[in-house]
Amino acid sequence: MAIMENKELENIVFEPNDFEFIGDIEKISSEAVTPATSFLRDVWTRFKANKGSIIGGIIVLIIIICAIIFPMLSQYTYDGVDAPRQFLGPRIPFIENIGIFNGKSGVNTYEGIYANAYHFFGTDHLGRDLWVRVWSGCRISLFVAAAAVLINVFIGMIYGMVSGYFGGKVDNLMQRFQEIVNSIPTLVILTLLLLLMKPSLYTIIIALALTEWVGMARITRAQVLKIKEQEFILASKTLGASSFFIIFKEVLPNIFGQIIIMAMMSIPNAIFYEATLAMIGLGIPGPQASLGTLINDGFKSFLVTPFLLVIPVVVLAILMLSFNLMADGLRDAFDPKMKEM
């Protein structure tokens, strides 16, 4: 039986038309070439795919625009004291007709000469417009955040790269100094600064400059230690490139993604740090306002006028959440593998 089957198979003759390509022969024979894209384009593509980071970025942009424009357009100022207007509730035109933001949540009411006045977020205990003070406070908080980023990038990045690249005694000495700085609580440093300087925005920035760069230095040093023995670094050394040329031309571009991620992560921490200092009485003195000082002032009269506390808390929470969403999106865009860690 098997012999017969083998003979039948030997007698089978295949014709040229027995087999045909499915589809276009030209398409099958041609090679598909994937268009080349730059690293930044890949980062932007991955960042756009994260809807949360896009929403966070849009909200941050809106808050920045509001903080710049609204205090300029308002007829009130952040330090304009008007005692008869104290503790007026939030009142917004047109919206008041549906029963909310109608000015009835405050201690005083819009009567007499203030019948046609509108304070979108109400007024505080000195009659100052809370709408202007909130957006002026956002300016202060965003300025502190920008200062924290600059401090982290310029101090922490350079310190970490030098320490990690040179290694040996240089690294050992720099790491011991970093441990000493990190062992001193930030609150202690700020308290000592307040004994020498007046409470102000610049005192807070100096306190950030003395302590907040440590985390960035650690991350940067770890990244430099990981790549400094790779072939392209050794090739640059062989060709006679100087150490600082290698650090800024070879090492820095390869760790720039991690630096951006750490810088973005430091923004909400700096904003919360300033708000915490303001709540314990070590923040910016009046009549200047930050979100932290507004929260501190609103807490004192929370049972009577809760809107004085709730409004700046909501703005601060939205601002910090938006920056966190942006930071998460940038982390996944620059290094997708970190999402699995």
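**Exercise 1. In this predicted model, determine how helix H6 and helix H9 are oriented to each other, and which residues bring them into contact.**

Solution. Begin with the geometry: helix H6 spans residues 168–183 and helix H9 spans residues 214–227, and their axes come within 10 Å and cross at roughly 150 degrees. Angles over 145 degrees count as roughly antiparallel, and H6 and H9 are therefore roughly antiparallel to each other. The handedness can be added next, since H6 passes H9 in a left-handed crossing. Turning to the residues, H6 contributes Asp171, Gln175, Gln178, Val181 and Asn182, which meet Val214, Ala217, Arg218 and Arg221 of H9. Sorted by class, this contact holds three nonpolar, three polar and three charged residues.

**Exercise 2. Describe the overall secondary structure of the protein, and state what share of its residues is buried.**

Solution. The first step is to count the elements, which come to 13 helices and zero strands, so that, as the helix and strand runs are defined, the pattern along the sequence is α-α-α-α-α-α-α-α-α-α-α-α-α. The second step concerns burial: the protein has 341 residues, of which 41% count as buried. The third step looks at how contacts span the chain, and here 72% of the contacts between residues at least 6 apart in sequence join residues at least 24 apart.

**Exercise 3. Compare the annotated transmembrane regions with the model: which residues does the annotation cover, and how much helix is found over residues 140–168 and over residues 302–327?**

Solution. According to the unreviewed UniProt entry, the annotation "transmembrane region" covers residues 54–73, 140–168, 255–282 and 302–327. Taking residues 140–168, the chain there is 97% helix and 0% strand, with its end C-alpha atoms 42 Å apart. For residues 302–327, the model gives 81% helix and 0% strand, and the end C-alpha atoms lie 33 Å apart.

**Exercise 4. Work out how helix H12 is placed against H13 and against H5, and which residues of H12 are buried.**

Solution. Start with H13. Helix H12 covers residues 291–300 and helix H13 covers residues 307–334; their axes come within 8 Å and cross at roughly 150 degrees, and the two helices are therefore roughly antiparallel to each other. The crossing of H12 past H13 is left-handed. On the H12 side, Leu291, Leu294, Ile295, Gly298 and Phe299 take part, and they meet Leu308, Leu309, Pro312, Val313, Val315, Leu316 and Leu319 of H13. In terms of class, the contact has 11 nonpolar residues, one polar residue and no charged residues.

Continue with H5, which covers residues 130–166 and packs with H12 at an angle of about 135 degrees, the axes being 7 Å apart. H5 and H12 are therefore oblique to each other. In this contact, Leu130, Arg133, Val134, Gly137, Cys138 and Ser141 come from H5, while Leu291, Leu294 and Asp297 come from H12. The residues divide into five nonpolar, two polar and two charged.

Finally, consider burial. Seven of the 10 residues of H12 are buried, and the helix is thus mostly covered; the buried residues are Leu291, Gly292, Thr293, Leu294, Ile295, Asn296 and Gly298. Their packing partners are H5, H13 and helix H11, which runs over residues 243–279.

**Exercise 5. Is Gly329 buried or exposed, and which residues does it touch?**

Solution. First locate the residue: Gly329 belongs to helix H13. Its relative accessible area is 1%, and as buried means under 20%, Gly329 is buried. Next look for partners from elsewhere in the chain. When residues up to four places away in sequence are not counted, Gly329 touches Phe47, Asn50 and Ser53. A C-alpha distance points to the same part of the chain: Gly329 and Gly52 are 277 residues apart along the chain, yet their C-alpha atoms are separated by 7.4 Å.

**Exercise 6. Is Ile247 buried or exposed, and with which residues is it in contact?**

Solution. Ile247 lies in helix H11. With a relative accessibility of 1%, Ile247 counts as buried. Once its neighbours within four places in sequence are left aside, the contacts of Ile247 are with Met161, Tyr165, Phe166 and Leu252. As a last step, compare positions along the chain with positions in space: Ile247 and Ile158 are 89 residues apart along the chain, and their C-alpha atoms are separated by 9.3 Å.

Note on methods. Residues are numbered from 1 along each chain as its sequence is written. This is a predicted model: local features need pLDDT of at least 70, side-chain atom pairs count only at pLDDT 80 or more; totals for chains, interfaces and linings use all residues. Side-chain values use heavy atoms; hydrogens and water are left out. UniProt positions are given in the numbering used here, feature names are shortened, and annotations may be inferred rather than shown by experiment. Helices (H or I, at least four residues) and strands (E, at least two) are DSSP runs, numbered from the N terminus. Axes are lines fitted to C-alpha atoms, for helices over the stretch in contact, and angles run from 0 to 180 degrees between N-to-C directions. Angles under 35 degrees count as roughly parallel, over 145 as roughly antiparallel, 65 to 115 as roughly perpendicular and the rest as oblique. A crossing is left-handed if the near helix is turned anticlockwise from the far one by less than a right angle, and right-handed if clockwise. Contact means heavy atoms within 4.5 Å. Ala, Val, Leu, Ile, Met, Phe, Trp, Tyr, Cys and Pro count as nonpolar, Asp, Glu, Lys and Arg as charged, and the others, Gly among them, as polar. Buried means under 20% relative accessible area, exposed over 50%, partly exposed in between (1.4 Å probe, protein chains only).
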